Amino acid sequence: MIETRDLHHVYLEGTPMSAVALRGVSLTIRDGERVGLIGPTGSGKSTLVQTFNALIRPTRGTVFVDGVDIFAPKADRRRIRQQVALLFQYPEQQLFEETVARDVSFGPRNLGLPEEEVASRVDDALHAVGLDPGTFGSRSPFTLSGGEMRRVALAGVLAMAPRVLILDEPTAGLDPQGKAEFLRLIHHLHARGNLTVILITHSMDEVAQVAERVIVLNEGLVAMDGPTREVFARADDLERLHLGIPQTAQVLHRLRARGLPVRTDLLTLEEARDEILRVLGTA
Amino acid sequence: MAALDGITLTVARGEYVAIVGANGSGKSTLAKCLNALLVPTEGKVLVDGLDTRDPAAVWQVRQRVGMVFQNPDNQLVATVVEEDLAFGPENLGLPSVEIRQRVDEALRAVEMEEYRHHAPHLLSGGQKQRVAIAGILAMRPMCIVLDEATAMLDPLGRTEVLRTIDRLNRDEGVTIVHITHAMDEASLARRVVALGGGRVVLDGSPQEVFAQVEVLRTLGLGVPPVAALVRALDAAGVRLPGHPLTVDELGEALHRFAAARAP
Amino acid sequence: MELARNLTIGQYIPRESPIHHLDPRTKIAATAALTVVIFVINDFTGSALFGAFMVALFLVAQIPLGYVGRGLRPVLFLLLLTFLLNLFFSGIRDGTPLIRLGPVVITTEAAARAFFIALRLVLLVVTTSLFTFTTSPMALTDGMERLLRPFRRIGVPGHELAMMMSIALRFIPTLFEETERIMKAQMARGAEFQRGNLLRRAKALLPILVPLFLSAFRRADELALAMEARAYRGGEGRTRMKELHFAPRDAVAAGATVLASIGFLVPRWLGLP
């Protein structure tokens, strides 16, 4: 469980160049949740998730992971980063080792695990992202395709055996098929274990696919927080933040505005189709 | 390995074409062939009658066909916006008065006048790409090729860039070749060309191309969400005329459909 | 990540002063001339006069004198070191003893000498600061390119050097941002950079340096392609939007510098005190 209390963050505080990123964020993310974190660029999303594993120390307020204050003087940073993993944007750019297996082992080695444990973690992580350790383990990460490199980077984070996985725009730059595969992978990882998933994205369609709960940040504050359907039903509020809603949901809103009695809290293509068919049948 | 495998394609002056294809379909290679950054191993590319294989014509080709790349950071050379805009015209050896005039015009065309003296690294992604577009406009090209130029932008930046190219195409008659794998962006073009395995697989109006759901799927592309919904409704017996592609079009079409069925 | 966004390169302070508007070539030449003057001046009177001259120039440039402190901060250690070295090892043994520390005797003369040399260093920093405060990096590279142009025939690649410098300036903030991001990504995988002995720390840098170099190479590749696409083919046949022109004010500034230099140098040559 991750809990923040009145989190504030100002970059370069006390200088003429200071910039406020967070201005009082209090929220709780429960174990096993699938959360979509959305908001316009500069709303503080990236700053917020970096406080979750102590990469950024907030200027005010603190973060509790399983009830432990991670900014307390004696907090074990490494253990926190093991529990709360963060995959940055374009993560394939962080690969550096000669082989895929060695790169994935970087995290577990840093945790000081024994060699056998490291090896089994590497195998597990590569399996989890759909790469066969026998085929890929000994290859150089730099000979792989973009999509494969990204999965190696994800494996590198999964090898920490985290309980929370934060993904910052994980599908950016992938083609439609690559995107769909990566989202399926996230679903699969969540279903496999009791993994909490926090997804930062600009794509409302991705949020609709992955998240059961949506948190909307705006100017460093939580603007909305609730079940995905409820948040997307507030199309006008989202539009005001230049965020929009999935296109299929937009169609439903448009029909409702034209006087057709459709429900607007539907997200998937199938749901939208059935709802339109229902209304047309009774129209 | 053949990245392109026998492509025959004509883009007329003033067109707005989207070229779509999955990673590895050859679309980036094709883009680089359009302004002589790559020369085809077989066949030829003619730009305004100039053969890109002719070394003497290379600079004229590059003046005529400008290119915006994917990463907004890796194509701006100067530390000040207006200096960057001047880079292309300076390479063409134009007199300084003319360069100044073109820079002013280009800044206006992308609505970045107020950022004239800014440092590029302080701009947003969308603004950087608009500066890149302006840098090309200052060379007075016939055609701008955008090689996945929106892939790294947030939705706001994407909208900015798409609005800019649409206006340049409509108002200034600049030919636009927009290479992308975002299907909703492709649907904004007047013509869509789908590549697969280094060949042209589909070529037609967005309506025609996005009606080919199965073909697009085998190319690893999918269709814009609205087209997918139209397709699903179609399969369930709701046949809408005119292949709606946007939320507005579909809303309108469904509204008509409902009105026609009402007693 | 916001940290790097706010990074400013160089110390340029934009103002609309006559010194800002000077041709960069004039300023490069004047700074060189004044540097020579600083090394020729060998007494306190000269230094004081020169200091007064610089204060006047700062006033004309509309740069608050407080900024000079900013320029001095990075060389403070060097300044102190120079002072102490000269204090103890100046070789001046004669004269009035000032302080006696066991076997070491510091004479008034040695102290004066050490102080004078430190002062010379300060004047040097102040003079070059005036240049960097009033000249944008862009103008600096332009000026450099033009000054080196005559040496093209003997193989000095003036244009290439200037282009390299300007690209470096453009990409320093980007690379800073990138370093920060890669560091954080590796920290998220449990990396620590401030632990262990020197060797361990150096090894810990590998996970940052490898991605950083790879990315820098990729950027260089892409930038080269983008430059080519914009019809770049080196300095040959290239014109500039902002041509450098010597204006009447450049003649005035050059004249003033020459006069001031003579004013400082002539008494010395004539052997006057």
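## Reading chains A, B and C

User: Among contacts in chain B between residues at least 6 apart in sequence, what percentage joins residues at least 24 apart?

Analyst: In this predicted model, 63% of the contacts in chain B between residues at least 6 apart in sequence join residues that are at least 24 apart. If the same count is made for chain C, again among contacts between residues at least 6 apart, the share joining residues at least 24 apart is 76%.

User: How many helices and strands does chain B have, and what does its radius of gyration say about its compactness?

Analyst: Chain B has 11 helices and eight strands. Its radius of gyration is 20 Å, close to the 18 Å that the globule rule gives for 263 residues, so chain B is as compact as a globular protein of that length. Taken along the principal axes, the C-alpha atoms of chain B fill a box of roughly 70 × 45 × 30 Å, and 50% of its 263 residues count as buried.

User: What do the corresponding values look like for chain C, starting with its helices and strands?

Analyst: Chain C has 11 helices and two strands, and from the N terminus on its elements run α-α-α-α-α-β-β-α-α-α-α-α-α. A compact globule of 273 residues would have a radius of gyration near 19 Å, but the value for chain C is 24 Å. The C-alpha trace of chain C spans about 65 × 60 × 40 Å along its principal axes, and 23% of the 273 residues of chain C count as buried.

User: How should I read a single helix, and which residues of α6(B) are buried?

Analyst: A helix can be read by the direction in which its residues point: an α-helix has 3.6 residues a turn, so residues three or four places apart point the same way. In this model, helix α6 of chain B covers residues 155–172, that is 18 residues, and reaches 25 Å from its first C-alpha to its last, close to the 26 Å expected at 1.5 Å a residue. The buried residues in α6(B) are G157(B), R158(B), E160(B), V161(B), L162(B), T164(B) and I165(B).

User: Against which elements do the buried residues of α6(B) pack, and what phi does G173(B) take just after the helix?

Analyst: The buried residues of α6(B) pack against α5 (125–137), β5 (143–147), β6 (175–180) and α7 (183–186) of chain B. Just after α6(B), G173(B) takes a positive phi of about 70 degrees.

User: For a strand, I would look at its cover and its partners; how many residues of β7(B) are buried, and in which sense does β7(B) pair with β1 and with β8?

Analyst: Strand β7 of chain B, residues 191–196, is mostly covered, with five of its six residues buried. With strand β1 (residues 16–20) of chain B, β7(B) pairs in the parallel sense over four bridges, and R191(B) in β7(B) is the bridge partner of V17(B). With strand β8 (residues 199–204) of chain B, β7(B) pairs in the antiparallel sense over five bridges, and here D203(B) in β8(B) is the bridge partner of V193(B). β7(B) and β8(B) form a hairpin with two residues between them, and in the turn G197(B) has a positive phi of about 55 degrees.

User: Is A223(A) buried, partly exposed or exposed?

Analyst: The question is settled by counting neighbours, and a residue is buried if 20 or more other C-beta atoms lie within 10 Å of its own. A223(A) has 19 other C-beta atoms within 10 Å and is therefore partly exposed. The residue lies in strand β10 (residues 221–227) of chain A. Leaving aside its neighbours within four places in sequence, A223(A) is in contact with V216(A), L217(A), N218(A) and L241(A), while the C-alpha atoms of A223(A) and L238(A), 15 residues apart along the chain, are separated by 9.5 Å.

User: How is an interface described, and how many residues of chain A are in contact with chain B?

Analyst: The size of an interface is often given as the accessible area lost when the parts come together. Here the description rests on contacts: 28 residues of chain A are in contact with 30 residues of chain B. Helices α7 (176–192), α11 (247–257) and α12 (269–282) of chain A each supply at least two residues of the side of chain A that touches chain B. By class, that side of chain A has 13 nonpolar, 10 polar and five charged residues.

User: Which element supplies the largest share of the side of chain C that touches chain B?

Analyst: 27 residues of chain C are in contact with 35 residues of chain B. On the side of chain C that touches chain B, α7 (137–148), α8 (158–187) and α10 (206–229) of chain C each supply at least two residues, and the largest share, eight residues, comes from α10(C). The residues of this side of chain C divide into 13 nonpolar, four polar and 10 charged.

Note on methods:
Residues numbered from 1 in each chain as written. Chains lettered and ligands numbered in written order. Predicted model: local features only at pLDDT ≥ 70, side-chain atom pairs only at ≥ 80, totals over all residues. Contact = placed C-beta atoms within 7 Å. Nonpolar A, V, L, I, M, F, W, Y, C, P; charged D, E, K, R; others polar. Rg over C-alpha atoms; globule rule 2.2 N^0.38 Å. Buried ≥ 20, exposed ≤ 12 C-beta atoms within 10 Å, placed from the backbone. Expected span 1.5 Å × (residues − 1). Pairing = 2+ DSSP bridges.
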